[in-house]
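Grab a coffee and work through these exercises with the structure open beside you. Try each task before reading its solution.

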Amino acid sequence: MSLSSLFAPDAIRTDSSDPIHSYGNSMAGIMPPDFALTSTASANLSTSDYLSKIKTILQNSPTGRTAVHHFDAMNSGFYKKDGKCLGIEIAPGLPSEYSAPKITLDGNEAIEEMALTFVHEVNHAWYDFMGKTAEAKGMKKQDYIDKCIYEEAEGAWLAIEAKLELKGSEHDNEKLTHPQDERYLQEYDRVFVEEKKKGKDERTADENARRAARAFILKGFHDGVVGCDDGSGNIVSYTQYYGDIWLSENHP
Ligand SMILES: [Zn+2]
């Protein structure tokens, strides 16, 4: 699938990464693996085989190395959640998601893509293990939606930044994609050029462009530029999606 087909104008887009994490089984089965169509699956790989390939790729990216570092800290039990270590399982056909206290990844994804998904899911796990994940019960609806969307957007921009950092590495190929990387770059480039025109040095321009690109990604989640499957095949905005979860938790 080409990127352009994912970015058809005016179409609501589905973030390839998971729309769910630690919400238990009620929302299970709604993963839209919408860009995981390139099957380079090696059916006989074990989880640890996949994992070591993923870690090798991510060593070439600062953002990726942080994700690996966080993963190892939770997986080894240095940080625990309710007395449990972070688990991981990777096999063809599994949903790519974090469902406490375990990450699963679809082995049908190309390994480069899987590495970016890993960055996204580790961020969810990190939120959960650090006690930062929003709890629907007892929280105001809009606050809950905002916090959930922020976590989702952060996972998206971290994966995108890892991808950009891997540019030019030996793992830079057409499979190293994220559904929103072009939107990120478009905003990044626009602001970077603007900042340079204003006479800002390279580093300041980069920092400001990065901040703007992240804000742009976050806004896209709020505005429904990206959406997710509501569990019955309908693509809904994240605002609707998390709003529904809030309702079911607070007014069952
Ligand atoms: Zn996610």
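**Exercise 1. Find which residues of helix 8 are buried, and work out how they sit around the axis.**

*Solution.* This is a predicted model, so everything below is read from predicted coordinates.

Step 1: pick out the buried residues of helix 8, which are Tyr238, Tyr241, Tyr242 and Trp246.

Step 2: look down the axis. These residues cover an arc of only 135°, so they lie on the same side of helix 8.

Step 3: ask what they pack against. The partners are helix 5, helix 7 (202–223), strand 5 (226–229) and strand 6 (235–237).

Step 4: check the length. Helix 8 has 13 residues (238–250), which at 1.5 Å a residue should span 18 Å, and the end C-alpha atoms are indeed 18 Å apart.

**Exercise 2. Sort the residues of helix 6 into buried and exposed ones.**

*Solution.* Step 1: start with the length. Helix 6 runs over residues 181–197, and its 17 residues reach 24 Å from first C-alpha to last, close to the 24 Å expected.

Step 2: list the buried set, namely Asp181, Arg183, Tyr184, Glu187, Tyr188, Val191 and Phe192. Their arc around the axis is only 160°, which puts them on the same side of helix 6.

Step 3: turn to the other side of helix 6, where Gln186, Asp189, Val193 and Lys197 are exposed.

Step 4: find the cover over the buried residues, which includes helix 5 and helix 7.

Step 5: step just past the end of helix 6, and you'll meet glycine 199 with a positive phi of about 90°.

**Exercise 3. Describe how helix 6 packs with helix 7, and then do the job again for helix 4 and helix 5.**

*Solution.* Step 1: know what to report. Two packed helices are described by the angle between their axes and the distance between the axes.

Step 2: for helix 6 and helix 7, the angle is about 145° and the axes are 8 Å apart. The crossing is right-handed.

Step 3: name the residues that meet. From helix 6 they include Tyr184, Tyr188 and Phe192, and from helix 7 they include Ala209, Phe216 and Ile217. Sorted by class, this contact of helix 6 with helix 7 has ten nonpolar, three polar and six charged residues.

Step 4: move to helix 4 (residues 111–129) and helix 5 (residues 141–165), whose axes come within 8 Å and cross at roughly 145°. This crossing is right-handed.

Step 5: among the contact residues are Leu116, Val119 and Tyr127 of helix 4, along with Ala156, Leu158 and Ala159 of helix 5. The class count for helix 4 with helix 5 comes to seven nonpolar, four polar and three charged residues.

**Exercise 4. Decide whether alanine 134, aspartate 82 and phenylalanine 221 are buried, partly exposed or exposed.**

*Solution.* Step 1: take the cut-offs for C-beta neighbours within 10 Å: 20 or more is buried, 12 or fewer is exposed, and in between is partly exposed.

Step 2: alanine 134, in the loop between helix 4 and helix 5, has 18 neighbours, so it counts as partly exposed. Its contacts, beyond residues up to four places away in sequence, are Met139, Tyr144, Lys147 and Cys148. Alanine 134 and lysine 147 are 13 residues apart in sequence, with their C-alpha atoms 6.1 Å apart.

Step 3: aspartate 82 has 8 neighbours and is therefore exposed. Aspartate 82 lies in the loop between helix 3 (62–75) and strand 2 (87–91), and has a positive phi of about 50° although it is not a glycine.

Step 4: phenylalanine 221 is buried because 23 other C-beta atoms lie within 10 Å. This residue of helix 7 touches Ile149, Glu152, Ala153, Val226 and Tyr238, leaving out residues up to four places away in sequence. From phenylalanine 221 to alanine 153 is 68 residues in sequence, but 6.8 Å in space, C-alpha to C-alpha.

**Exercise 5. Where is proline 101, and which peptide bond there is cis?**

*Solution.* Step 1: go to the loop between strand 3 (97–99) and strand 4 (102–106), where proline 101 sits.

Step 2: check omega. The bond from alanine 100 to proline 101 is cis, with omega near -5°.

**Exercise 6. How many helices and strands does the protein chain have, and what share of its residues is buried?**

*Solution.* Step 1: count the elements, and you get eight helices and six strands.

Step 2: read their order from the N terminus: α-β-α-α-β-β-β-α-α-α-α-β-β-α.

Step 3: take the burial figure, which is 40% of the 252 residues.

Note on methods:
Residues numbered from 1 in each chain as written. Predicted model: local features only at pLDDT ≥ 70, side-chain atom pairs only at ≥ 80, totals over all residues. Axes fitted to C-alpha atoms, helices over the stretch in contact; angles between N-to-C directions. Helix = DSSP H or I, 4+ residues; strand = E, 2+ residues; numbered from the N terminus. Left-handed = near helix turned anticlockwise from the far one by under 90°. Contact = placed C-beta atoms within 7 Å. Nonpolar A, V, L, I, M, F, W, Y, C, P; charged D, E, K, R; others polar. Expected span 1.5 Å × (residues − 1). Arc of directions from axis to C-beta.
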